[in-house]
Amino acid sequence: MTKPISEFEAAAMTAMSPDLLRWFTKYAPKSGIKRKLKVAEKRNEAYFFDAEEVVSFDQWLKLPWPNKDGKRPGIPKAIREEIRVEAGGECAICNKHEDTCEAAHIDPVSQSFNNHPENLIWLCANHHTAYDKGLFGPAKTEEDFIVGFKVVLRRYRVMLWKMQHEASHVLFSVLDNCDQLQKQFAAATTPEQVSAVQALAEKTLNKLPTLAAVSKADPNYTNVKALSKGIDALKVSKGSVPKRLMAAQSLRTEYAATFGFVVCPLCNGTGHHDHGDCPVCHGDREIDEQVAERVDLADFDKIDCPLCEGSGRRNGDDCPACAGGQKMDRRDASYIDLRDFDLVDCPVCEGKGEFRGMTCRECGGEGELERQHAGRIDAAEYKVVTCPLCKGHGQYDGRDCPECSGNGDLLAREAAMVELDSYDKVRCPLCRGKGQHNFFGDCPVCGGEGSIEKRQSASVDLRAYELVKCPRCSGKGSRGEYDCAVCGGERKIERRHADDYDPREFD
(Lines give C-alpha, C1' and ligand atoms only; values in the text may rest on other atoms or scores of the structure.)
Protein backbone atom coordinates (compact mmCIF):
# COMPACT_ATOMS: atom_id res chain seq x y z
CA MET A 1 0.00 0.00 0.00
CA THR A 2 1.38 3.42 -0.92
CA LYS A 3 2.04 6.00 1.77
CA PRO A 4 -0.88 8.44 2.22
CA ILE A 5 -0.31 12.00 1.08
CA SER A 6 -0.98 15.09 3.19
CA GLU A 7 -3.91 17.40 2.48
CA PHE A 8 -1.43 19.99 1.17
CA GLU A 9 0.04 17.48 -1.27
CA ALA A 10 -3.52 16.63 -2.34
CA ALA A 11 -4.27 20.35 -2.72
CA ALA A 12 -1.20 20.86 -4.88
CA MET A 13 -2.14 17.80 -6.94
CA THR A 14 -5.69 18.98 -7.68
CA ALA A 15 -5.38 22.79 -7.34
CA MET A 16 -8.24 22.60 -4.83
CA SER A 17 -7.78 23.92 -1.30
CA PRO A 18 -7.48 21.67 1.76
CA ASP A 19 -10.72 23.27 3.01
CA LEU A 20 -12.60 22.20 -0.12
CA LEU A 21 -11.09 18.70 -0.02
CA ARG A 22 -12.25 18.36 3.58
CA TRP A 23 -15.73 19.49 2.49
CA PHE A 24 -15.76 16.76 -0.16
CA THR A 25 -15.10 14.16 2.58
CA LYS A 26 -18.37 15.17 4.28
CA TYR A 27 -20.65 16.12 1.41
CA ALA A 28 -21.41 14.69 -2.03
CA PRO A 29 -21.04 17.55 -4.55
CA LYS A 30 -23.12 16.11 -7.39
CA SER A 31 -26.87 15.98 -6.89
CA GLY A 32 -28.22 12.45 -6.80
CA ILE A 33 -24.77 10.84 -6.58
CA LYS A 34 -23.53 9.89 -3.12
CA ARG A 35 -19.82 9.83 -3.89
CA LYS A 36 -17.56 11.61 -1.38
CA LEU A 37 -13.78 11.89 -1.14
CA LYS A 38 -12.41 9.06 0.99
CA VAL A 39 -9.99 9.86 3.83
CA ALA A 40 -7.10 7.43 4.19
CA GLU A 41 -6.37 8.43 7.77
CA LYS A 42 -6.41 11.28 10.28
CA ARG A 43 -3.51 12.19 12.52
CA ASN A 44 -4.57 14.57 15.24
CA GLU A 45 -6.35 17.27 13.18
CA ALA A 46 -4.53 16.57 9.89
CA TYR A 47 -6.12 14.72 6.96
CA PHE A 48 -4.26 12.26 4.74
CA PHE A 49 -5.48 10.79 1.45
CA ASP A 50 -4.66 7.98 -0.94
CA ALA A 51 -3.13 9.62 -4.03
CA GLU A 52 -5.03 7.39 -6.45
CA GLU A 53 -8.33 8.22 -4.72
CA VAL A 54 -7.57 11.95 -4.97
CA VAL A 55 -6.77 11.71 -8.69
CA SER A 56 -9.82 9.53 -9.36
CA PHE A 57 -12.14 11.89 -7.45
CA ASP A 58 -10.70 14.94 -9.21
CA GLN A 59 -11.24 13.38 -12.64
CA TRP A 60 -14.77 12.26 -11.71
CA LEU A 61 -15.52 15.82 -10.61
CA LYS A 62 -14.60 17.03 -14.12
CA LEU A 63 -17.09 14.69 -15.80
CA PRO A 64 -20.50 16.18 -16.74
CA TRP A 65 -22.61 16.89 -13.64
CA PRO A 66 -26.14 15.45 -13.41
CA ASN A 67 -28.81 17.78 -14.74
CA LYS A 68 -32.56 17.65 -15.13
CA ASP A 69 -33.99 18.33 -18.58
CA GLY A 70 -30.86 20.16 -19.69
CA LYS A 71 -31.01 22.68 -16.82
CA ARG A 72 -27.79 23.94 -15.26
CA PRO A 73 -26.52 21.81 -12.36
CA GLY A 74 -26.27 23.87 -9.19
CA ILE A 75 -22.85 25.01 -7.95
CA PRO A 76 -22.28 23.92 -4.32
CA LYS A 77 -21.68 26.78 -1.89
CA ALA A 78 -18.24 25.39 -0.97
CA ILE A 79 -17.09 25.53 -4.61
CA ARG A 80 -18.36 29.12 -4.95
CA GLU A 81 -16.36 30.01 -1.85
CA GLU A 82 -13.32 28.24 -3.30
CA ILE A 83 -13.20 30.41 -6.42
CA ARG A 84 -14.12 33.54 -4.46
CA VAL A 85 -11.11 33.04 -2.20
CA GLU A 86 -8.99 32.15 -5.24
CA ALA A 87 -9.71 35.62 -6.68
CA GLY A 88 -9.10 37.38 -3.36
CA GLY A 89 -12.80 38.04 -2.78
CA GLU A 90 -13.05 40.47 -5.71
CA CYS A 91 -13.41 40.25 -9.47
CA ALA A 92 -10.41 38.36 -10.83
CA ILE A 93 -10.09 40.88 -13.68
CA CYS A 94 -10.73 44.34 -12.21
CA ASN A 95 -10.07 43.54 -8.51
CA LYS A 96 -13.22 45.47 -7.59
CA HIS A 97 -16.95 45.04 -6.99
CA GLU A 98 -16.72 42.34 -4.33
CA ASP A 99 -20.46 42.69 -3.64
CA THR A 100 -21.55 41.92 -7.21
CA CYS A 101 -19.24 39.04 -8.07
CA GLU A 102 -20.45 35.65 -9.21
CA ALA A 103 -19.19 32.35 -10.56
CA ALA A 104 -18.56 32.39 -14.31
CA HIS A 105 -18.07 29.21 -16.35
CA ILE A 106 -15.03 29.18 -18.63
CA ASP A 107 -16.44 26.42 -20.82
CA PRO A 108 -20.18 27.18 -21.22
CA VAL A 109 -22.12 25.19 -18.65
CA SER A 110 -24.85 24.52 -21.23
CA GLN A 111 -22.30 22.44 -23.14
CA SER A 112 -19.96 21.09 -20.45
CA PHE A 113 -22.28 20.73 -17.40
CA ASN A 114 -18.99 21.06 -15.52
CA ASN A 115 -18.88 22.75 -12.08
CA HIS A 116 -15.31 21.71 -11.28
CA PRO A 117 -13.46 24.72 -9.76
CA GLU A 118 -11.06 24.50 -12.71
CA ASN A 119 -13.94 25.54 -15.00
CA LEU A 120 -15.05 28.49 -12.84
CA ILE A 121 -13.69 31.98 -12.26
CA TRP A 122 -14.96 34.74 -9.94
CA LEU A 123 -16.07 37.79 -11.95
CA CYS A 124 -18.11 40.87 -11.21
CA ALA A 125 -21.51 41.03 -12.89
CA ASN A 126 -20.20 43.39 -15.60
CA HIS A 127 -17.23 41.25 -16.58
CA HIS A 128 -19.29 38.06 -16.34
CA THR A 129 -21.84 39.44 -18.79
CA ALA A 130 -19.15 40.89 -21.02
CA TYR A 131 -17.20 37.64 -21.09
CA ASP A 132 -20.31 35.58 -21.90
CA LYS A 133 -21.27 37.91 -24.74
CA GLY A 134 -17.80 38.96 -25.90
CA LEU A 135 -18.49 42.64 -25.29
CA PHE A 136 -15.05 43.88 -24.25
CA GLY A 137 -12.33 43.17 -26.78
CA PRO A 138 -12.61 40.48 -29.48
CA ALA A 139 -14.44 37.50 -28.01
CA LYS A 140 -11.70 34.99 -28.93
CA THR A 141 -8.98 37.20 -27.43
CA GLU A 142 -10.97 37.64 -24.24
CA GLU A 143 -11.66 33.91 -24.01
CA ASP A 144 -7.96 33.07 -24.42
CA PHE A 145 -7.01 35.59 -21.74
CA ILE A 146 -9.62 34.34 -19.24
CA VAL A 147 -8.56 30.72 -19.76
CA GLY A 148 -4.89 31.61 -19.35
CA PHE A 149 -5.44 33.83 -16.34
CA LYS A 150 -7.50 31.14 -14.62
CA VAL A 151 -4.49 28.83 -15.00
CA VAL A 152 -2.13 31.23 -13.24
CA LEU A 153 -4.69 31.96 -10.52
CA ARG A 154 -4.90 28.27 -9.75
CA ARG A 155 -1.17 27.79 -9.97
CA TYR A 156 -0.64 30.67 -7.57
CA ARG A 157 -2.69 28.79 -4.98
CA VAL A 158 -0.91 25.52 -5.79
CA MET A 159 2.32 27.36 -5.13
CA LEU A 160 1.11 28.36 -1.66
CA TRP A 161 0.06 24.79 -0.80
CA LYS A 162 3.38 23.42 -1.95
CA MET A 163 5.04 25.88 0.40
CA GLN A 164 3.13 24.26 3.23
CA HIS A 165 4.19 20.76 2.25
CA GLU A 166 7.72 20.65 0.90
CA ALA A 167 10.05 23.65 1.01
CA SER A 168 12.58 21.98 -1.30
CA HIS A 169 10.15 22.09 -4.24
CA VAL A 170 8.67 25.49 -3.49
CA LEU A 171 11.15 27.51 -5.46
CA PHE A 172 10.57 25.57 -8.65
CA SER A 173 6.82 26.03 -8.25
CA VAL A 174 7.22 29.80 -7.78
CA LEU A 175 9.55 30.13 -10.74
CA ASP A 176 7.22 28.02 -12.86
CA ASN A 177 4.32 30.33 -12.05
CA CYS A 178 6.51 33.31 -12.98
CA ASP A 179 7.14 31.63 -16.33
CA GLN A 180 3.39 31.25 -16.90
CA LEU A 181 2.75 34.84 -15.81
CA GLN A 182 5.26 36.16 -18.34
CA LYS A 183 3.20 34.49 -21.07
CA GLN A 184 0.06 36.09 -19.63
CA PHE A 185 1.66 39.51 -19.94
CA ALA A 186 2.09 38.83 -23.63
CA ALA A 187 -1.57 37.75 -23.88
CA ALA A 188 -2.93 40.81 -22.03
CA THR A 189 -4.50 43.30 -24.45
CA THR A 190 -6.31 45.78 -22.20
CA PRO A 191 -5.20 47.94 -19.23
CA GLU A 192 -7.43 45.89 -16.93
CA GLN A 193 -5.84 42.65 -18.09
CA VAL A 194 -2.32 44.02 -17.65
CA SER A 195 -3.23 45.26 -14.18
CA ALA A 196 -4.70 41.88 -13.20
CA VAL A 197 -1.59 39.98 -14.31
CA GLN A 198 0.75 42.51 -12.71
CA ALA A 199 -1.04 42.27 -9.34
CA LEU A 200 -0.77 38.47 -9.31
CA ALA A 201 2.85 38.60 -10.55
CA GLU A 202 3.86 40.90 -7.70
CA LYS A 203 2.26 38.51 -5.18
CA THR A 204 4.12 35.60 -6.77
CA LEU A 205 7.50 37.33 -6.79
CA ASN A 206 7.02 38.26 -3.14
CA LYS A 207 6.76 34.53 -2.35
CA LEU A 208 10.27 33.73 -3.57
CA PRO A 209 11.86 31.63 -0.80
CA THR A 210 15.48 31.41 0.22
CA LEU A 211 17.12 28.37 -1.34
CA ALA A 212 18.42 25.97 1.30
CA ALA A 213 22.21 25.89 1.56
CA VAL A 214 24.12 22.75 0.56
CA SER A 215 27.45 21.36 1.60
CA LYS A 216 30.57 22.32 -0.37
CA ALA A 217 31.01 18.60 -0.99
CA ASP A 218 27.70 18.51 -2.85
CA PRO A 219 28.27 18.30 -6.64
CA ASN A 220 25.60 21.00 -7.06
CA TYR A 221 27.30 23.41 -4.65
CA THR A 222 28.49 25.89 -7.30
CA ASN A 223 25.20 25.89 -9.15
CA VAL A 224 23.13 26.22 -5.98
CA LYS A 225 25.28 29.11 -4.81
CA ALA A 226 24.79 30.88 -8.15
CA LEU A 227 21.06 30.20 -8.00
CA SER A 228 20.80 31.57 -4.47
CA LYS A 229 22.59 34.72 -5.53
CA GLY A 230 20.24 35.18 -8.46
CA ILE A 231 17.16 34.58 -6.28
CA ASP A 232 18.30 37.05 -3.64
CA ALA A 233 18.90 39.66 -6.34
CA LEU A 234 15.47 39.02 -7.83
CA LYS A 235 13.78 39.40 -4.42
CA VAL A 236 15.16 42.92 -3.91
CA SER A 237 15.07 43.98 -7.55
CA LYS A 238 13.42 47.33 -8.29
CA GLY A 239 13.00 46.50 -11.96
CA SER A 240 9.64 46.31 -13.74
CA VAL A 241 7.50 43.25 -13.23
CA PRO A 242 8.00 42.00 -16.83
CA LYS A 243 11.80 42.22 -16.44
CA ARG A 244 11.69 40.43 -13.09
CA LEU A 245 9.58 37.68 -14.64
CA MET A 246 12.12 37.26 -17.44
CA ALA A 247 14.85 36.90 -14.83
CA ALA A 248 12.70 34.33 -13.00
CA GLN A 249 12.29 32.37 -16.24
CA SER A 250 16.06 32.13 -16.59
CA LEU A 251 16.40 31.00 -12.97
CA ARG A 252 13.75 28.35 -13.56
CA THR A 253 15.81 26.82 -16.36
CA GLU A 254 18.90 26.79 -14.13
CA TYR A 255 16.95 25.25 -11.27
CA ALA A 256 15.58 22.42 -13.43
CA ALA A 257 19.04 21.56 -14.70
CA THR A 258 20.64 21.77 -11.26
CA PHE A 259 18.18 19.55 -9.43
CA GLY A 260 17.62 16.95 -12.10
CA PHE A 261 14.21 17.96 -13.43
CA VAL A 262 13.36 16.67 -16.88
CA VAL A 263 10.53 17.27 -19.34
CA CYS A 264 7.44 15.32 -18.34
CA PRO A 265 7.27 12.21 -20.55
CA LEU A 266 3.46 12.27 -20.77
CA CYS A 267 2.70 15.88 -21.73
CA ASN A 268 6.12 16.57 -23.29
CA GLY A 269 6.49 19.74 -21.28
CA THR A 270 3.15 21.35 -22.12
CA GLY A 271 1.67 20.83 -18.65
CA HIS A 272 -1.61 19.66 -20.23
CA HIS A 273 -3.15 16.30 -21.00
CA ASP A 274 -6.68 15.54 -22.20
CA HIS A 275 -7.88 19.14 -21.77
CA GLY A 276 -6.66 19.44 -18.18
CA ASP A 277 -3.53 19.54 -16.04
CA CYS A 278 -1.18 16.68 -16.81
CA PRO A 279 -1.76 13.93 -14.18
CA VAL A 280 1.97 13.12 -14.06
CA CYS A 281 3.57 16.56 -13.58
CA HIS A 282 0.32 18.23 -12.41
CA GLY A 283 0.94 21.10 -14.79
CA ASP A 284 4.57 21.75 -13.72
CA ARG A 285 5.86 20.55 -17.13
CA GLU A 286 9.04 19.11 -15.59
CA ILE A 287 9.38 16.42 -12.96
CA ASP A 288 12.16 14.78 -11.01
CA GLU A 289 14.19 12.53 -13.30
CA GLN A 290 13.75 9.53 -10.99
CA VAL A 291 10.00 10.01 -11.01
CA ALA A 292 10.01 10.28 -14.81
CA GLU A 293 11.81 6.95 -15.08
CA ARG A 294 8.98 5.23 -13.20
CA VAL A 295 6.20 6.61 -15.42
CA ASP A 296 4.53 3.90 -17.50
CA LEU A 297 3.01 5.68 -20.50
CA ALA A 298 0.96 2.59 -21.29
CA ASP A 299 -1.19 3.49 -18.26
CA PHE A 300 -2.45 6.49 -20.24
CA ASP A 301 -3.34 4.65 -23.44
CA LYS A 302 -6.98 5.07 -24.41
CA ILE A 303 -8.99 1.84 -24.33
CA ASP A 304 -12.69 0.98 -24.61
CA CYS A 305 -14.64 1.55 -21.43
CA PRO A 306 -14.97 -1.87 -19.78
CA LEU A 307 -18.52 -1.18 -18.63
CA CYS A 308 -20.18 -0.11 -21.88
CA GLU A 309 -17.51 -1.84 -24.03
CA GLY A 310 -16.93 1.37 -25.96
CA SER A 311 -20.55 2.12 -26.88
CA GLY A 312 -20.86 5.08 -24.52
CA ARG A 313 -24.37 3.96 -23.52
CA ARG A 314 -25.78 1.78 -20.78
CA ASN A 315 -29.43 1.09 -20.01
CA GLY A 316 -30.51 3.86 -22.38
CA ASP A 317 -28.36 6.57 -20.77
CA ASP A 318 -24.78 7.78 -20.96
CA CYS A 319 -22.46 5.20 -19.48
CA PRO A 320 -21.82 6.19 -15.82
CA ALA A 321 -18.22 4.99 -15.98
CA CYS A 322 -17.03 6.95 -19.05
CA ALA A 323 -19.85 9.56 -19.07
CA GLY A 324 -20.56 8.62 -22.67
CA GLY A 325 -16.96 9.19 -23.76
CA GLN A 326 -16.61 5.55 -24.86
CA LYS A 327 -12.88 5.41 -24.01
CA MET A 328 -10.73 6.06 -20.95
CA ASP A 329 -7.16 5.78 -19.72
CA ARG A 330 -6.03 2.20 -19.13
CA ARG A 331 -5.14 3.11 -15.52
CA ASP A 332 -8.70 4.37 -14.88
CA ALA A 333 -10.23 1.28 -16.46
CA SER A 334 -8.21 -0.89 -14.07
CA TYR A 335 -9.98 0.68 -11.11
CA ILE A 336 -13.45 -0.14 -12.38
CA ASP A 337 -15.14 -3.06 -10.66
CA LEU A 338 -18.00 -4.12 -12.93
CA ARG A 339 -19.82 -5.58 -9.92
CA ASP A 340 -20.26 -2.02 -8.61
CA PHE A 341 -22.77 -1.45 -11.40
CA ASP A 342 -24.92 -4.52 -10.72
CA LEU A 343 -28.46 -3.69 -9.61
CA VAL A 344 -29.31 -4.72 -6.04
CA ASP A 345 -32.31 -4.18 -3.75
CA CYS A 346 -32.39 -0.71 -2.21
CA PRO A 347 -31.23 -1.07 1.44
CA VAL A 348 -33.72 1.56 2.59
CA CYS A 349 -37.02 0.31 1.12
CA GLU A 350 -35.73 -3.27 0.74
CA GLY A 351 -36.82 -3.41 -2.88
CA LYS A 352 -40.37 -2.15 -2.34
CA GLY A 353 -39.88 1.30 -3.86
CA GLU A 354 -41.77 2.89 -0.95
CA PHE A 355 -40.61 3.91 2.49
CA ARG A 356 -42.98 5.10 5.21
CA GLY A 357 -45.80 5.50 2.72
CA MET A 358 -43.82 7.65 0.28
CA THR A 359 -41.62 7.08 -2.75
CA CYS A 360 -38.21 5.98 -1.53
CA ARG A 361 -35.85 8.93 -1.95
CA GLU A 362 -32.76 6.77 -2.41
CA CYS A 363 -33.92 4.58 -5.30
CA GLY A 364 -36.58 6.96 -6.63
CA GLY A 365 -39.22 4.29 -6.29
CA GLU A 366 -37.37 1.80 -8.48
CA GLY A 367 -36.73 -0.60 -5.62
CA GLU A 368 -33.18 -1.21 -6.75
CA LEU A 369 -29.99 0.71 -7.49
CA GLU A 370 -26.37 0.08 -8.38
CA ARG A 371 -24.32 -1.80 -5.82
CA GLN A 372 -21.81 1.07 -5.53
CA HIS A 373 -24.56 3.52 -4.56
CA ALA A 374 -26.24 1.04 -2.23
CA GLY A 375 -22.93 0.55 -0.46
CA ARG A 376 -22.68 4.27 0.29
CA ILE A 377 -26.08 4.41 1.98
CA ASP A 378 -26.02 4.35 5.77
CA ALA A 379 -29.17 2.41 6.64
CA ALA A 380 -28.86 3.64 10.24
CA GLU A 381 -29.81 7.12 9.01
CA TYR A 382 -33.25 5.74 8.11
CA LYS A 383 -33.96 4.26 11.50
CA VAL A 384 -37.11 5.73 13.07
CA VAL A 385 -36.29 7.53 16.34
CA THR A 386 -38.18 9.68 18.85
CA CYS A 387 -38.41 13.33 17.87
CA PRO A 388 -35.82 15.17 20.00
CA LEU A 389 -37.96 18.32 20.19
CA CYS A 390 -41.33 17.03 21.40
CA LYS A 391 -39.87 13.88 22.99
CA GLY A 392 -42.37 11.73 21.08
CA HIS A 393 -45.51 13.58 22.23
CA GLY A 394 -46.19 15.14 18.82
CA GLN A 395 -47.04 18.46 20.50
CA TYR A 396 -44.75 21.39 21.22
CA ASP A 397 -45.71 24.67 22.81
CA GLY A 398 -49.41 23.96 22.34
CA ARG A 399 -49.29 23.05 18.67
CA ASP A 400 -48.18 20.23 16.36
CA CYS A 401 -44.45 19.80 16.69
CA PRO A 402 -42.81 21.77 13.83
CA GLU A 403 -40.10 19.13 13.40
CA CYS A 404 -42.09 15.89 13.25
CA SER A 405 -45.42 17.48 12.18
CA GLY A 406 -47.14 15.89 15.16
CA ASN A 407 -46.03 12.32 14.43
CA GLY A 408 -43.72 12.10 17.44
CA ASP A 409 -40.92 10.44 15.48
CA LEU A 410 -38.37 11.19 12.77
CA LEU A 411 -35.74 9.44 10.74
CA ALA A 412 -32.37 9.40 12.48
CA ARG A 413 -30.89 11.56 9.72
CA GLU A 414 -33.62 14.16 10.24
CA ALA A 415 -33.34 14.05 14.01
CA ALA A 416 -29.60 14.70 13.78
CA MET A 417 -30.31 17.98 11.99
CA VAL A 418 -32.71 19.33 14.62
CA GLU A 419 -31.15 22.35 16.34
CA LEU A 420 -32.83 22.37 19.73
CA ASP A 421 -31.27 25.68 20.78
CA SER A 422 -33.04 27.38 17.84
CA TYR A 423 -36.28 26.91 19.82
CA ASP A 424 -34.95 28.74 22.87
CA LYS A 425 -36.86 31.89 23.70
CA VAL A 426 -35.05 35.20 23.15
CA ARG A 427 -36.12 38.78 23.60
CA CYS A 428 -38.23 40.05 20.73
CA PRO A 429 -35.97 42.21 18.53
CA LEU A 430 -38.83 44.57 17.60
CA CYS A 431 -40.40 45.49 20.93
CA ARG A 432 -37.25 44.61 22.93
CA GLY A 433 -39.28 42.49 25.31
CA LYS A 434 -41.99 45.07 26.07
CA GLY A 435 -44.74 43.34 24.11
CA GLN A 436 -45.93 46.67 22.65
CA HIS A 437 -44.96 48.47 19.45
CA ASN A 438 -45.65 52.00 18.15
CA PHE A 439 -48.48 52.42 20.66
CA PHE A 440 -50.71 50.38 18.35
CA GLY A 441 -51.15 47.47 20.72
CA ASP A 442 -49.49 44.07 20.85
CA CYS A 443 -46.17 43.74 19.06
CA PRO A 444 -46.86 42.19 15.62
CA VAL A 445 -43.77 40.01 15.85
CA CYS A 446 -44.15 38.40 19.27
CA GLY A 447 -47.90 38.92 19.64
CA GLY A 448 -47.36 40.76 22.92
CA GLU A 449 -45.35 37.95 24.52
CA GLY A 450 -42.11 39.94 24.56
CA SER A 451 -40.11 36.93 23.33
CA ILE A 452 -39.89 34.66 20.29
CA GLU A 453 -37.96 31.56 19.31
CA LYS A 454 -34.36 32.12 18.30
CA ARG A 455 -34.93 30.60 14.85
CA GLN A 456 -37.65 33.20 14.17
CA SER A 457 -35.53 36.09 15.39
CA ALA A 458 -33.03 35.83 12.54
CA SER A 459 -35.75 36.38 9.93
CA VAL A 460 -37.26 39.51 11.48
CA ASP A 461 -36.72 42.54 9.23
CA LEU A 462 -36.89 45.52 11.58
CA ARG A 463 -37.05 47.95 8.65
CA ALA A 464 -40.44 46.54 7.72
CA TYR A 465 -41.87 47.98 10.94
CA GLU A 466 -40.42 51.48 10.66
CA LEU A 467 -42.95 54.32 10.24
CA VAL A 468 -42.88 56.00 6.83
CA LYS A 469 -44.98 58.67 5.16
CA CYS A 470 -48.37 57.37 4.09
CA PRO A 471 -48.26 56.78 0.30
CA ARG A 472 -51.97 57.63 -0.18
CA CYS A 473 -52.19 61.02 1.56
CA SER A 474 -48.46 61.83 1.19
CA GLY A 475 -48.24 62.33 4.93
CA LYS A 476 -51.08 64.88 5.19
CA GLY A 477 -53.39 62.63 7.18
CA SER A 478 -56.48 63.43 5.11
CA ARG A 479 -57.98 63.24 1.64
CA GLY A 480 -60.36 66.14 1.19
CA GLU A 481 -62.62 66.46 4.22
CA TYR A 482 -62.02 62.95 5.51
CA ASP A 483 -59.23 61.16 7.32
CA CYS A 484 -57.00 59.14 4.99
CA ALA A 485 -58.42 55.63 4.62
CA VAL A 486 -54.94 54.10 4.71
CA CYS A 487 -53.29 55.78 7.69
CA GLY A 488 -56.51 56.75 9.49
CA GLY A 489 -55.25 60.31 9.81
CA GLU A 490 -51.98 59.30 11.49
CA ARG A 491 -49.94 60.45 8.46
CA LYS A 492 -47.53 57.52 8.78
CA ILE A 493 -47.79 53.77 8.46
CA GLU A 494 -45.36 50.89 8.83
CA ARG A 495 -43.11 50.28 5.85
CA ARG A 496 -44.49 46.76 5.34
CA HIS A 497 -47.99 48.19 4.84
CA ALA A 498 -46.71 50.98 2.62
CA ASP A 499 -44.98 48.42 0.41
CA ASP A 500 -48.27 46.54 0.06
CA TYR A 501 -50.27 49.66 -0.76
CA ASP A 502 -52.15 49.40 -4.08
CA PRO A 503 -53.89 52.65 -5.13
CA ARG A 504 -56.26 50.67 -7.37
CA GLU A 505 -57.98 49.34 -4.26
CA PHE A 506 -59.19 52.87 -3.54
CA ASP A 507 -60.38 53.82 -7.02
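User: What is the phi of Gly88, just after H4?

Analyst: In this predicted model, Gly88 follows directly after H4 and has a positive phi of about 75°.

User: Which residues of helix H4 are buried?

Analyst: Helix H4 covers residues 77-86, and its buried residues are Ala78, Ile79, Glu82, Ile83 and Glu86. To be called buried, a residue must have under 20% relative accessible area.

User: What puts these residues on the same side of H4?

Analyst: The buried residues Ala78, Ile79, Glu82, Ile83 and Glu86 cover an arc of only 135° around the axis, and therefore they lie on the same side of H4. An α-helix has 3.6 residues a turn, so residues three or four places apart point the same way.

User: Why is the contact of Arg330 with Asp301 called a salt bridge?

Analyst: The cut-off is 4 Å between a side-chain nitrogen of Lys or Arg and a carboxyl oxygen of Asp or Glu. In this pair the closest N and O atoms are 3.8 Å apart, so the contact is within the cut-off and counts as a salt bridge.

User: What does the pair of Arg330 and Asp301 tie together?

Analyst: Arg330 is in helix H13 (residues 330-333), while Asp301 is in the loop between helix H12 (289-293) and strand E10 (302-304), so the salt bridge ties together parts that are 29 residues apart in sequence.

User: Why is Arg339 called exposed, and Asp337 partly exposed?

Analyst: Exposed means over 50%, and partly exposed lies between 20% and that value. Arg339 has a relative accessible area of 55%, so Arg339 is exposed. Asp337 has 26%, so Asp337 is partly exposed. These two residues form a salt bridge with each other, their closest N and O atoms being 2.9 Å apart.

User: How do you know that Arg399 and Glu453 form a salt bridge?

Analyst: Their side chains meet at 3.3 Å, N to O, and the limit is 4 Å, so the pair qualifies. Arg399 belongs to strand E20 (residues 399-400) and Glu453 to strand E23 (residues 451-453), so parts that are 54 residues apart in sequence are tied together.

User: Is Glu453 buried or exposed?

Analyst: Glu453 has a relative accessible area of 2%, which is under 20%, so Glu453 is buried. Its partner Arg399 has 30% and counts as partly exposed.

User: What joins Arg155, Asp176, Asp179, Arg252, Arg285 and Glu286 into one network?

Analyst: Salt bridges that share partners join these six residues.

User: How many salt bridges does a search of the whole structure find?

Analyst: The search finds 30 salt bridges.

Note on methods
Residues are numbered from 1 along each chain as its sequence is written. This is a predicted model: local features need pLDDT of at least 70, side-chain atom pairs count only at pLDDT 80 or more; totals for chains, interfaces and linings use all residues. Side-chain values use heavy atoms; hydrogens and water are left out. Helices (H or I, at least four residues) and strands (E, at least two) are DSSP runs, numbered from the N terminus. Buried means under 20% relative accessible area, exposed over 50%, partly exposed in between (1.4 Å probe, protein chains only). The arc is that of the directions from the helix axis to the C-beta atoms.
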